[in-house]
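Biologist: I'd like to talk this one through before I go back to the bench. Can you pull it up?

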Amino acid sequence: MTNGFELHQGRLPLLVSMPHPGTHLTPEIARGLTARAQRLEDTDWHIPLLYQPIRELGASVLSARYSRYVVDLNRPADDKPLYSTATTGLFPGTFFDGEPLFEAGKAPDDATKAAILHNVWQPYHQALAQELARLRDTFGYALLWDAHSIKSVVPRLFEGKLPDLNFGTADGASCAPELSRALLDCCEAFPHYSKVLNGRFKGGYI
């Protein structure tokens, strides 16, 4: 099985996690996907390029190689739902719009899921924890930025159109208030981009 992630160790107390740009598939998953799903349309295609300047400035970057159709690294291992509204799980079975990802009878079985959890999900989260610990030991603190993208219009998940920038701090549980305020203040220099803090997406498991 391919190594499930790429880790670039930087020289700043910042780690950018990218759980959804991967395109690798395990053989079991690849065999079961519908023709539409084989296009991997829910991939965060452009996130690595978007954050390349931050990497060049010295941030650490952890990027997943496997598709979110194999496993969603931004979900807990026990697959506890993140939202009371429509959502996708640890082992996604549908597109964001609700259409099935897998041909009838070809979704991964329990043994396949257990192997993916052990070989893909767990190593990513171990690398995440170890890099944060390295940065904290080096600088006295560490910042984690989890990078995502999504279609701006997905009626099954939310009404209307999303703002351009969607920041989530788990309603303040994962970020000091002064830090999120500083982030929003930075956005004032770019008024042509709409923004929201803890709107429809407040942050996933990571």
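**Fold and cysteines**

Modeller: Sure, and keep in mind that this is a predicted model. Going along the sequence, the protein chain runs β-β-α-α-α-β-α-β-β-α-β.

Biologist: How many helices and strands does the protein chain have?

Modeller: You can tally them from the pattern β-β-α-α-α-β-α-β-β-α-β. For the protein chain, that comes to 5 helices and 6 strands.

Biologist: What is the radius of gyration of the protein chain, set against the globule rule?

Modeller: The globule rule gives 17 Å for 206 residues. The protein chain comes out close to that, so it is as compact as a globular protein of that length. Its radius of gyration is 17 Å.

Biologist: What share of the contacts between residues at least 6 apart in sequence join residues at least 24 apart?

Modeller: Take the contacts in the protein chain between residues at least 6 apart, then pick out those that join residues at least 24 apart. The share is 78%.

Biologist: How many disulfides does the structure hold?

Modeller: A pair of cysteine sulfurs has to lie within 2.5 Å to count. The sulfur of C187 has its closest cysteine sulfur in C186, but at 6.8 Å that's too far for a bond. For C175 the closest is also in C186, 12 Å away, again too far. The number of disulfides is 0.

Biologist: Is C187 buried or exposed?

Modeller: Buried means under 20% relative accessible area. C187 has 10% relative accessibility, so it counts as buried.

Methods. Residues numbered from 1 in each chain as written. Predicted model: local features only at pLDDT ≥ 70, side-chain atom pairs only at ≥ 80, totals over all residues. Heavy atoms only, no water. Buried < 20%, exposed > 50% of the residue type's maximum accessible area, 1.4 Å probe, protein only. Helix = DSSP H or I, 4+ residues; strand = E, 2+ residues; numbered from the N terminus. Rg over C-alpha atoms; globule rule 2.2 N^0.38 Å. Contact = heavy atoms within 4.5 Å.
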